[in-house]
Amino acid sequence: MKIAMVGSGYVGLVSGACFADFGHDVVCIDKDDSKIEALRNGVMPIYEPGLDALVGTNVKAGRLSFSTDLAEGIRGASAIFIAVGTPSRRGDGHADLTFVHAVAKEIAETLENDAVIVTKSTVPVGTGDQVERILADANLSVRTAVVSNPEFLREGAAIGDFKRPDRIVIGCEDEFGREVMNEVYRPLYLNQSPILFTARRSAELIKYAANAFLATKITFINEMADLCEKVGADVQDVARGIGLDNRIGPKFLHAGPGYGGSCFPKDTLALLKTAEDYESPTRIVEAVVKVNDSRKRAMGRKVLDALGGADEARGKKVALLGLTFKPNTDDMRDSPAIAVAQTLTDAGVKVAAYDPEGMEQARPLMPEVEMVSGPYEAIEGADAVAIVTEWDAFRALDLKRVKELANAPVLVDLRNIYTPDIVREAGFTYESIGRA
Ligand code: UDX
């Protein structure tokens with residue numbers, strides 16, 4: 001089966017490469033010449049573990065190719081995925097559908113064969129109807145169906161998530177759409193991944209509801225962590241204790257500096273806008289967004305406190321370890337590290353930072369921060385070390401060396417990757433999240 005993937009960003013590229021790996025014939029399309037050129041030369045535009053090998057193998061096998069020509073790329077494709085960006089619209093937080101509409105229009109103008117148009121981009125409820133109208137306006141003589149097939153890929157684990165998903169959600173309104181989508185996902189039947197067929201609007205909402213729920217779960221445990229610090233409890237135990245209840249589940253209960261990334265912040269805001277448009281407020285999600293925003297700045301203040309308070313902190317030096325919104329990605333979007341660094345530099349603190357993959361992206365976002373080549377370089381002469389992202393490389397720091405290099409043995413662990421007793425025994429003042 002031929003599949004066209006319009007948009008070769010994170011989602012399009014990972015999905016396209018995985019479909020090709022399952023044996024489909026895939027063309028990834030993008031308007032950006034330099035990106036397509038780079039991909040043809042085996043250079044990935046993003047950091048995602050395993051992606052370059054996956055792309056390389058499938059290009060070599062002749063199942064995956066890249067093009068800037070949409071009309072040519074979609075020719076003969078039974079399924080055309082729209083996987084372009086839907087960023088937050090500046091000013092109002094609505095999802096910006098400019099790219100989705102433009103692609104739908106271009107498909108409508110050039111389509112020559114029967115095809116199912118699939119929105120994979122995260123789009124607000126009702127976008128499928130708009131795409132359908134755009135196609136209808138073109139009075140096509142070929143058969144089309146518009147389907148919603150949201151993605152649930154986590155950055156850093158996207159290939160595994162694609163190949164062994166918890167579920168595949170397909171929102172479609174007719175038999176043609178269902179038939180083609182069954183064929184698209186047939187290779188995954190072996191993995192026994194549940195495929196859930198729903199109405200298109202339900203599928204569109206499932207994506208937002210899932211992300212908002214996960215953001216709520218994280219925010220809930222983060223507030224419990226704050227309470228733990230006040231009452232003398234340990235949030236790790238609280239998370240384990242509630243997570244063993246099957247109805248709650250153990251995942252996404254890791255307290256930290258607040259969620260970031262390309263999805264949760266943008267999708268929660270877009271959901272609020274949809275709720276507002278339909279006059280059906282989602283107050284819980286409103287609170288989650290507010291609490292998470294203020295938490296990121298509060299984490300900066302936590303580091304200031306470890307330096308003895310804002311007045312004492314002026315002129316001191318902090319080593320920031322980890323800048324990306326989570327490990328195994330180079331993505332800095334809405335990373336808590338941005339707010340932490342800002343709070344520190346605003347208070348007159350010198351900041352030296354290191355991240356295994358995100359330095360290049362981080363640099364323009366935190367111009368006052370000195371970027372250094374390794375964790376120990378950052379730690380040299382620091383009055384406090386703050387772990388902001390839980391990269392594996394920071395899990396086994398040589399504490400003796402840290403103590404020798406640092407100006408003062410203070411460790412602020414915003415991801416709870418160290419055991420308090422061990423760090424304290426090594427002579428450190430240790431601050432973490434939700435562990436009194
Ligand atoms: C998320 C969803 O998981 C995915 O299904 C969706 O398609 C896109 O958004 P991603 O943004 O890649 O994926 O990251 P994820 O691993 O879910 O983490 C999101 C944020 O939550 C990160 O900042 C992470 O550090 C934070 N987080 C996650 C916590 O603070 N605690 C947790 O227990 C889990």
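In this predicted model, the shell around the ligand is made up, by class, of 10 nonpolar, six polar and four charged residues. Of the 20 residues in this shell, those that come nearest to the ligand are Glu 155, His 254, Tyr 259, Gly 261 and Cys 263. Helix α9, which spans residues 200–231, gives the largest share of the shell, namely three residues, while domain 1 and domain 2 each supply at least three residues to the surroundings of the ligand.

One of the nearest residues, Cys 263, deserves a separate look, since the UniProt annotation "active site", taken from an unreviewed entry, covers Cys 263. Along the chain, Cys 263 sits in the loop that runs between α10 (235–243) and α11 (264–277). Is Cys 263 buried or exposed? Cys 263 counts as buried because it has 24 C-beta neighbours inside 10 Å, and the cut-off for a buried residue is 20 or more.

The protein as a whole is divided into three parts, whose bounds are set out in the table.

| Domain | Residues |
|---|---|
| domain 1 | 2–198 |
| domain 2 | 208–289 |
| domain 3 | 294–431 |

Between the C-alpha centres of domain 2 and domain 3 there is a distance of 24 Å. The contact between these two domains draws on 10 residues from domain 2 and 15 residues from domain 3. On the side of domain 2 that touches domain 3, three residues are nonpolar and seven are polar, whereas no charged residue is found there.

Methods: Residues are numbered from 1 along each chain as its sequence is written. This is a predicted model: local features need pLDDT of at least 70, side-chain atom pairs count only at pLDDT 80 or more; totals for chains, interfaces and linings use all residues. Domain bounds come from an automatic or database domain assignment. Two residues are in contact if their C-beta atoms, placed from the backbone, lie within 7 Å. Ala, Val, Leu, Ile, Met, Phe, Trp, Tyr, Cys and Pro count as nonpolar, Asp, Glu, Lys and Arg as charged, and the others, Gly among them, as polar. A residue is near a molecule or strand if its C-beta atom, placed from the backbone, lies within 6 Å of it. Helices (H or I, at least four residues) and strands (E, at least two) are DSSP runs, numbered from the N terminus. UniProt positions are given in the numbering used here, feature names are shortened, and annotations may be inferred rather than shown by experiment. A residue is buried if 20 or more other C-beta atoms lie within 10 Å of its own, exposed if 12 or fewer, and partly exposed in between; C-beta atoms are placed from the backbone.
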